[in-house]
Amino acid sequence: MATKHLVIDPITRIEGHLRIEAIIDENNVVTDAYSSSTMFRGIEEILKGRDPRDCGLLAMRICGVCTGTHYQRSIEAVEHAFDVTIPKNARLVRNLIQGALYLHDHIVHFYHLHALDWVDITEALKADPKATVLEAQKWANISGQRPWNANEDVYVQVQERVTKYVKQGRLGIFGNAYWGSKGFKLTPEQNLIGLSHYLDALELQRELAKMMAIFGGKNPHPQSFVVGGVTCVQDIKNPARIAEFKQILKKARKFTKEAYLSDVYMAGTMYADEALEGIGGGVGNYMSYGGFRLDDLPFYNSAKLFPAGIVKNRDLSKVYEIDQTKITEDVTHAWYEGSTNLHPYDGVTKPNYTGFGKKEDNIAYLDTKNKYSWIKSPLYNDERMEVGPLARMIVGYASNNERIKKYVTNFLTNANLPASVLFSTVGRTAARAIETELMADIMMEWIDELASNVAHGDLSTWTEFDFNTVAKNTKGIGLEEAPRGALGHWVKIKDGKVENYQAVVPSTWNAAPRDYKGRLGAYESSLIGTKVANPDQPLEILRTIHSFDPCIACAVHIIDTNGKELGVYKVNPI
């Protein structure tokens, strides 16, 4: 059987460095795949020996995209260790900052990181602007919304703007793509809708960044979280700040309902055959830690917007409870010392870079029989898992969570598709859009709740605790749902200092290599069975990988392969 070995490196339109190698048969169908992160993360070693109250400010530097969520998880791990429960205002502010990250992250992902896997920019230039207006109305009508910015003059301006770039030979952000691939299925008018919304979303993302900064202090890397609560007292006391947040939220909510959802209905319909076939489905096991507290009980006892649980083998009839003690990380195929599955409390991060394997035709291939990635392989109860928006929607749907089931069912009914399509690349993309609408709606409730609480005189934002009494020998965990999925920070404290620290991030779960049993990670397994129209333009592979919204910087950092010390720094805060 004739096969071909494809190498896509780097995978672009993601955060960080990712390499995918795929084996395709004579019919251009993927029969095997390997996911490799080519950079090292050493944040765990950096945090050892530090004051645990300072860890959040450093841990959020894991990534420049998911900054606030790492910050918050680190803070919550220490709060868990110290048995601290934060006040209501702090809970609401944290929910709002994290929710704003969700809106920013999901909208930017679909339009600026993923849309060009569905939308052919060159075909959009052939569209009839008048017919495009009618096309936009058709998809908006599915959910009973007005179409976003659907105007003949707008579409003409978009075409003229992009045509100008094409004639000048500088496509810029639209350059070096697989335009003309048979993997694209949208009509010229549908492509023009997607292109127009892509440009509109560029304007909106700036506003969404402002929204995160209103209570976060700045963005990226907010600075208003502390162990025990939040520091943005003046912001929550100021009605103008709350009004500004709410105004941006209204705009994001409107865009989500009128543009984002309509575009996903459009793409989902045009690629319905692939969704029904389950292309991109992956491991079939889905895990959610649960997230966004809805009451003021201690975190691990409180009701949450997203329920915790596991769905196995795509079986929506049963949800298994989460037990974090069953989480381990395997390094059999990762560039680290050891091979034993360790719980994060006992995790070890000792690099063992063994390099690539064979070299043919000036291409160095991964040594896939041995170690081939800087990402470890997390396991839950010795099983591979997928995490992310799809996992949250599946666990919520299977749990009969009233709110989530309503949003998921509404989307599937409007799209005239069965629940089985969720287990696909299309379903993974749709789940993120469904979640964005849900988040935009509930954030309206949270911002009003915060305003009402403050108006009634509650200005408490911090819970006092005695660090010296409780911080001698303890440990804590911060488990929450980040935009890309289940995120955990584990800290062990001895004599008031960090003894060990481990972060298992969403892209560690999804982008991981094979484990000690040879089982594929979520990215790898999702590619099996994918048919590539043109091996020289593996658009279909990118479409599925991008549907996870890879954030590889969260999973890795930097290394000098010669073992050279890069630098030593000492900071003396005054």
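**Close-up views of a predicted model**

Thr-328 sits opposite Leu-379, a residue of strand S13. That pairing opens the set of close-ups below, and everything shown comes from a predicted model.

**View 1. Strands S10 and S13 run side by side in the antiparallel sense.** S10 covers residues 327-330, and four bridges join this strand to S13. In a regular strand, side chains alternate between the two faces of the sheet. Strand S13 (residues 377-380) shows that pattern here: Ser-377 and Leu-379 point one way, while Pro-378 and Tyr-380 point the other way. Whichever way they point, all four of these S13 residues are buried.

**View 2. Phe-40 and Tyr-336 make a tilted aromatic pair.** To describe a pair of aromatic rings, you give the distance of the centres and the angle of the planes. For Phe-40 and Tyr-336 that works out as 6.1 Å centre to centre, with 45° between the planes. Phe-40 comes from the loop between strand S3 (30-37) and helix H1 (43-47), whereas Tyr-336 comes from the loop between S10 and strand S11 (359-360), so the pair ties together parts that are 296 residues apart in sequence. Are these two residues buried or exposed? Both Phe-40 and Tyr-336 are buried. The two rings also belong to a cluster linked by ring pairs, together with Trp-335, Tyr-353, Phe-356 and Trp-374. Across the whole structure there are 28 aromatic pairs.

**View 3. Cys-66 sits 3.5 Å from the nearest cysteine sulfur, but there's no disulfide.** That nearest sulfur belongs to Cys-551. Why does Cys-66 not count as bonded, then? The sulfur of Cys-551 is 3.5 Å away, and a disulfide needs the two sulfur atoms within 2.5 Å, so this pair misses the cut-off. A search of the whole structure turns up zero disulfides. Cys-66 counts as buried because its relative accessibility is 4%. Another cysteine, Cys-55, also counts as buried, as its relative accessibility is 0%.

**View 4. The second largest cavity holds about 70 Å³ of space.** The structure has eight cavities of 30 Å³ or more. Residues lining the second largest one include Phe-110, Tyr-111, Trp-118, Met-266 and Asp-263. Which elements give two or more residues to this lining? They are helix H4 (88-114) and helix H10 (239-270). H10 provides the largest share, with three residues. Sorted by class, the lining has eight nonpolar residues, one polar and one charged.

**View 5. The second largest pocket has a volume of about 340 Å³.** Its lining is made up of 15 residues. Which of them lie nearest the centre of the pocket? Those are Thr-12, Arg-13, Gly-175, Asn-176 and Ala-177. By class, the lining of this pocket splits into ten nonpolar, four polar and one charged.

**View 6. Ser-317 is an exposed loop residue.** You'll find Ser-317 in the loop between strand S9 (309-311) and S10. Its relative accessibility is 64%, which is why Ser-317 counts as exposed. To place Ser-317 in the wider fold, look across to Ile-493: the two C-alpha atoms are separated by 41 Å, and the residues are 176 apart along the chain.

Technical notes. Residues numbered from 1 in each chain as written. Predicted model: local features only at pLDDT ≥ 70, side-chain atom pairs only at ≥ 80, totals over all residues. Heavy atoms only, no water. Buried < 20%, exposed > 50% of the residue type's maximum accessible area, 1.4 Å probe, protein only. 1 Å grid on protein atoms, 1.4 Å probe; cavity = no way out; pocket = protein on both sides within 12 Å on 5 of 7 lines; lining within 4 Å. Points joined across faces, edges and corners; volume = space filled by probe spheres on them. Nonpolar A, V, L, I, M, F, W, Y, C, P; charged D, E, K, R; others polar. Pairing = 2+ DSSP bridges. Phe/Tyr/Trp six-rings, centres within 6.5 Å; stacked < 30°, edge-to-face > 60°.
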